[in-house]
Amino acid sequence: MDQVFAPWRIDWIKRDEGNPEVEDCVFCELPALDTDRENLIVARSEHAFVMFNNYPYNPGHAMVIPHAHTGDYTDLDGEQLLDHARLKQRTFDALEAGLEPDGFNAGLNLGDGAGGSIDDHLHTHVVPRWEGDTNFMPVISDTTVIVEALEETYERVRDAFAEQAGATVPDEDSAVVFEFE
(Lines give C-alpha, C1' and ligand atoms only; values in the text may rest on other atoms or scores of the structure.)
Protein backbone atom coordinates (compact mmCIF):
# COMPACT_ATOMS: atom_id res chain seq x y z
CA MET A 1 0.00 0.00 0.00
CA ASP A 2 1.26 3.49 -0.89
CA GLN A 3 1.11 6.23 1.71
CA VAL A 4 0.50 9.92 1.15
CA PHE A 5 2.54 11.93 3.66
CA ALA A 6 0.93 15.34 4.28
CA PRO A 7 1.53 16.31 7.94
CA TRP A 8 0.66 19.99 7.35
CA ARG A 9 -2.97 18.93 6.75
CA ILE A 10 -3.52 18.09 10.45
CA ASP A 11 -4.41 21.73 11.23
CA TRP A 12 -7.11 21.60 8.55
CA ILE A 13 -8.45 18.27 9.80
CA LYS A 14 -8.63 19.39 13.45
CA ARG A 15 -10.17 22.79 12.72
CA ASP A 16 -13.54 23.74 14.15
CA GLU A 17 -16.31 22.86 11.69
CA GLY A 18 -17.79 26.32 11.66
CA ASN A 19 -16.37 29.78 11.93
CA PRO A 20 -17.41 31.20 15.32
CA GLU A 21 -17.41 34.71 13.83
CA VAL A 22 -20.15 33.77 11.35
CA GLU A 23 -23.76 33.69 12.49
CA ASP A 24 -25.62 33.52 9.18
CA CYS A 25 -23.96 33.69 5.73
CA VAL A 26 -20.22 33.11 5.47
CA PHE A 27 -20.10 34.94 2.12
CA CYS A 28 -21.76 38.02 3.60
CA GLU A 29 -20.00 38.13 6.94
CA LEU A 30 -16.35 37.22 6.23
CA PRO A 31 -15.76 40.06 3.73
CA ALA A 32 -17.05 42.52 6.35
CA LEU A 33 -14.30 41.50 8.80
CA ASP A 34 -10.83 43.01 8.69
CA THR A 35 -9.21 39.60 8.24
CA ASP A 36 -8.81 39.01 4.50
CA ARG A 37 -5.67 36.88 4.70
CA GLU A 38 -7.02 34.77 7.58
CA ASN A 39 -10.27 34.19 5.70
CA LEU A 40 -8.49 33.53 2.39
CA ILE A 41 -10.03 36.54 0.63
CA VAL A 42 -7.43 37.34 -2.01
CA ALA A 43 -9.06 40.02 -4.20
CA ARG A 44 -11.97 42.45 -4.12
CA SER A 45 -13.92 44.73 -6.40
CA GLU A 46 -16.92 46.97 -5.81
CA HIS A 47 -19.51 44.22 -6.21
CA ALA A 48 -17.59 40.97 -5.72
CA PHE A 49 -14.60 39.29 -4.09
CA VAL A 50 -12.37 36.25 -4.60
CA MET A 51 -11.92 33.72 -1.84
CA PHE A 52 -10.10 30.40 -1.75
CA ASN A 53 -12.24 27.37 -1.02
CA ASN A 54 -11.67 25.80 2.42
CA TYR A 55 -12.61 22.44 0.87
CA PRO A 56 -10.63 22.61 -2.39
CA TYR A 57 -10.91 20.15 -5.25
CA ASN A 58 -7.43 21.16 -6.41
CA PRO A 59 -4.74 23.65 -5.34
CA GLY A 60 -5.88 27.17 -6.17
CA HIS A 61 -9.61 26.35 -6.06
CA ALA A 62 -11.06 29.85 -5.85
CA MET A 63 -14.56 31.27 -5.77
CA VAL A 64 -15.67 34.57 -7.27
CA ILE A 65 -18.54 35.76 -5.08
CA PRO A 66 -20.87 38.72 -5.56
CA HIS A 67 -21.54 40.80 -2.45
CA ALA A 68 -25.29 40.59 -3.15
CA HIS A 69 -26.82 37.86 -1.01
CA THR A 70 -28.81 35.79 -3.46
CA GLY A 71 -28.90 32.25 -4.73
CA ASP A 72 -30.59 33.36 -7.97
CA TYR A 73 -28.23 34.46 -10.75
CA THR A 74 -31.00 36.48 -12.39
CA ASP A 75 -31.18 38.72 -9.28
CA LEU A 76 -27.85 40.37 -10.16
CA ASP A 77 -28.22 43.65 -12.03
CA GLY A 78 -26.06 44.60 -15.01
CA GLU A 79 -23.42 46.40 -12.96
CA GLN A 80 -23.08 43.47 -10.56
CA LEU A 81 -22.89 40.95 -13.43
CA LEU A 82 -20.21 42.93 -15.26
CA ASP A 83 -18.16 43.42 -12.10
CA HIS A 84 -18.42 39.70 -11.28
CA ALA A 85 -17.35 38.79 -14.84
CA ARG A 86 -14.39 41.17 -14.79
CA LEU A 87 -13.19 39.84 -11.45
CA LYS A 88 -13.56 36.32 -12.81
CA GLN A 89 -11.27 37.29 -15.74
CA ARG A 90 -8.74 38.67 -13.26
CA THR A 91 -8.98 35.41 -11.30
CA PHE A 92 -8.14 33.32 -14.37
CA ASP A 93 -5.17 35.63 -15.06
CA ALA A 94 -3.88 35.47 -11.48
CA LEU A 95 -4.23 31.70 -11.22
CA GLU A 96 -2.50 31.31 -14.59
CA ALA A 97 0.39 33.53 -13.52
CA GLY A 98 0.67 32.14 -9.99
CA LEU A 99 0.12 28.44 -10.55
CA GLU A 100 0.59 27.74 -14.29
CA PRO A 101 -2.24 25.21 -14.68
CA ASP A 102 -2.98 23.45 -17.97
CA GLY A 103 -6.64 24.49 -17.85
CA PHE A 104 -9.60 25.38 -15.65
CA ASN A 105 -13.02 24.15 -14.62
CA ALA A 106 -15.38 27.02 -13.82
CA GLY A 107 -19.03 27.13 -12.93
CA LEU A 108 -21.89 27.75 -10.56
CA ASN A 109 -23.92 25.31 -8.44
CA LEU A 110 -27.40 26.84 -8.54
CA GLY A 111 -30.24 25.36 -6.48
CA ASP A 112 -30.58 22.54 -4.00
CA GLY A 113 -30.15 19.80 -6.60
CA ALA A 114 -26.86 21.17 -7.98
CA GLY A 115 -24.71 19.73 -5.21
CA GLY A 116 -23.29 22.90 -3.67
CA SER A 117 -22.99 23.21 0.08
CA ILE A 118 -23.99 26.90 0.09
CA ASP A 119 -26.97 27.44 -2.17
CA ASP A 120 -28.40 30.70 -0.85
CA HIS A 121 -25.41 32.87 -1.90
CA LEU A 122 -24.23 32.21 -5.44
CA HIS A 123 -20.54 31.85 -6.19
CA THR A 124 -18.54 30.86 -9.23
CA HIS A 125 -15.97 28.12 -8.69
CA VAL A 126 -12.70 28.50 -10.60
CA VAL A 127 -10.63 25.33 -10.31
CA PRO A 128 -7.14 25.11 -11.86
CA ARG A 129 -6.45 21.77 -13.56
CA TRP A 130 -3.24 20.06 -14.62
CA GLU A 131 -2.89 17.27 -17.12
CA GLY A 132 -2.76 14.04 -15.14
CA ASP A 133 -4.15 15.55 -11.92
CA THR A 134 -6.84 12.87 -11.77
CA ASN A 135 -5.49 9.66 -10.33
CA PHE A 136 -6.67 6.63 -8.40
CA MET A 137 -7.32 8.54 -5.17
CA PRO A 138 -10.56 10.30 -6.21
CA VAL A 139 -11.62 7.49 -8.53
CA ILE A 140 -11.17 4.50 -6.20
CA SER A 141 -10.96 5.84 -2.68
CA ASP A 142 -13.13 8.99 -2.93
CA THR A 143 -10.15 11.01 -1.65
CA THR A 144 -8.33 13.99 -3.07
CA VAL A 145 -4.76 14.99 -2.32
CA ILE A 146 -4.07 18.70 -2.16
CA VAL A 147 -0.37 19.15 -2.82
CA GLU A 148 0.12 22.65 -1.45
CA ALA A 149 -0.98 24.39 1.74
CA LEU A 150 -3.67 27.05 1.25
CA GLU A 151 -1.42 29.72 2.75
CA GLU A 152 1.28 29.11 0.13
CA THR A 153 -1.24 29.14 -2.71
CA TYR A 154 -2.74 32.34 -1.27
CA GLU A 155 0.65 34.07 -1.36
CA ARG A 156 1.45 33.05 -4.94
CA VAL A 157 -1.94 33.99 -6.32
CA ARG A 158 -2.21 37.22 -4.28
CA ASP A 159 1.15 38.29 -5.71
CA ALA A 160 -0.16 37.54 -9.20
CA PHE A 161 -3.32 39.62 -8.56
CA ALA A 162 -1.14 42.46 -7.22
CA GLU A 163 0.92 42.55 -10.43
CA GLN A 164 -2.16 43.14 -12.62
CA ALA A 165 -2.92 46.58 -14.06
CA GLY A 166 -5.16 48.67 -11.82
CA ALA A 167 -4.50 46.60 -8.69
CA THR A 168 -4.23 48.31 -5.32
CA VAL A 169 -2.69 46.55 -2.32
CA PRO A 170 -3.88 48.29 0.88
CA ASP A 171 -1.54 46.34 3.21
CA GLU A 172 0.03 42.89 3.55
CA ASP A 173 -3.03 41.35 5.22
CA SER A 174 -5.66 42.81 2.89
CA ALA A 175 -6.99 41.48 -0.38
CA VAL A 176 -5.88 43.08 -3.62
CA VAL A 177 -8.48 45.66 -4.69
CA PHE A 178 -9.72 46.43 -8.23
CA GLU A 179 -11.87 49.33 -9.37
CA PHE A 180 -13.45 48.60 -12.74
CA GLU A 181 -14.76 51.40 -14.96
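A contact, as the word is used here, means that heavy atoms lie within 4.5 Å.

**View 1. The whole protein chain of this predicted model, with its order of helices and strands.** Among the contacts in the protein chain with a separation of 6 or more, 61% are accounted for by residues 24 or more positions apart. The protein chain holds five helices and seven strands, and, read from the N terminus on, these elements follow the order α-α-β-β-β-α-β-β-α-α-β-β. Of the 181 residues in the protein chain, 38% are buried. The chain exposes about 10500 Å², and carbon and sulfur atoms supply 49% of that area.

**View 2. The largest nonpolar core, a set of 20 residues.** In soluble globular proteins, nonpolar side chains tend to be buried together. In the largest core of this model, the residues that touch the most other members are Val 50, Phe 52 and Phe 161. The elements that each give two or more residues to this core are the strands S1 (41-44), S2 (48-52), S3 (62-66) and S7 (176-178), together with the helices H3 (78-99) and H5 (150-162). Helix H5 supplies the largest share of this core, with five residues. A second core, separate from this one, has nine residues, and Phe 27, Phe 49, Ile 65 and Ala 175 are among them.

**View 3. Phe 52 and the residues that it touches.** Which residues does Phe 52 touch, when those up to four places away in sequence are not counted? Its contacts include Leu 40 and Val 42, the run of Gly 60, His 61, Ala 62 and Met 63, and also Leu 95. Phe 52 further touches Leu 150, Thr 153, Tyr 154 and Val 157.

**View 4. Strand S5 between its pairing partners S3 and S4 in the list of bridges.** Strand S5 covers residues 124-129, and five of its six residues are buried, so this strand is largely enclosed by the rest of the structure. Strands S3 and S5 run antiparallel and are joined by three bridges; in one bridge, Met 63 has His 125 of S5 as its partner. Strand S4, which spans residues 103-108, also pairs with S5 in the antiparallel sense, here over six bridges, and Asn 105 stands opposite Val 127 of S5.

**View 5. Thr 70 in the loop between S3 and H3.** Is Thr 70, although it is found in a loop, buried or exposed? Thr 70 has a relative accessibility of 8%, and because buried means under 20%, this residue counts as buried. Leaving aside residues up to four places away in sequence, Thr 70 touches Asp 75 and Leu 76, and also Asp 120, His 121 and Leu 122.

**View 6. A cluster of the aromatic rings of Phe 161, Phe 178 and Phe 180.** The structure holds four aromatic pairs. One of them is formed by Phe 178 and Phe 180, whose rings are stacked, with 6.0 Å from centre to centre and 5 degrees between the planes. Ring pairs link these two residues with Phe 161 into a cluster. Phe 178 has a relative accessible area of 1% and is buried, while Phe 161 is one of the residues that touch the most other members of the largest nonpolar core.

**View 7. The salt bridge between Asp 36 and Arg 44.** A search of the whole structure finds three salt bridges, and in the one shown here the closest N and O atoms of Asp 36 and Arg 44 are 2.7 Å apart. Both partners are charged residues that count as buried, Asp 36 at 6% relative accessibility and Arg 44 with a relative accessible area of 16%.

**View 8. The salt-bridge network of Arg 37, Glu 155 and Asp 173.** Arg 37 forms a salt bridge with Glu 155, in which the closest N and O atoms are 1.9 Å apart. This pair links distant parts of the chain, since Arg 37 is in the loop between helix H2 (26-29) and S1, whereas Glu 155 is in helix H5, 118 residues apart. Arg 37 is partly exposed, with a relative accessible area of 23%, and Glu 155 is also partly exposed, at 31% relative accessibility. Asp 173 forms a salt bridge with Arg 37 as well, the closest N and O atoms being 3.0 Å apart. Here too the pair links distant parts of the chain, with Asp 173 in the loop between strand S6 (167-168) and S7, 136 residues apart from Arg 37. Asp 173 counts as partly exposed at 41% relative accessibility.

Definitions and conventions. Residues are numbered from 1 along each chain as its sequence is written. This is a predicted model: local features need pLDDT of at least 70, side-chain atom pairs count only at pLDDT 80 or more; totals for chains, interfaces and linings use all residues. Side-chain values use heavy atoms; hydrogens and water are left out. A nonpolar core is a set of buried Ala, Val, Leu, Ile, Met, Phe, Trp, Tyr and Cys residues joined through side-chain atoms within 4.5 Å. Buried means under 20% relative accessible area, exposed over 50%, partly exposed in between (1.4 Å probe, protein chains only). Helices (H or I, at least four residues) and strands (E, at least two) are DSSP runs, numbered from the N terminus. Accessible areas come from the Shrake-Rupley method with a 1.4 Å probe; for residues, only the protein chains shown count as cover. Rings of Phe, Tyr and Trp (its six-membered ring) pair if their centres lie within 6.5 Å; planes under 30 degrees apart count as stacked, over 60 as edge-to-face and the rest as tilted. Two strands pair if DSSP finds at least two bridges between them. A salt bridge is a side-chain nitrogen of Lys or Arg within 4 Å of a carboxyl oxygen of Asp or Glu.
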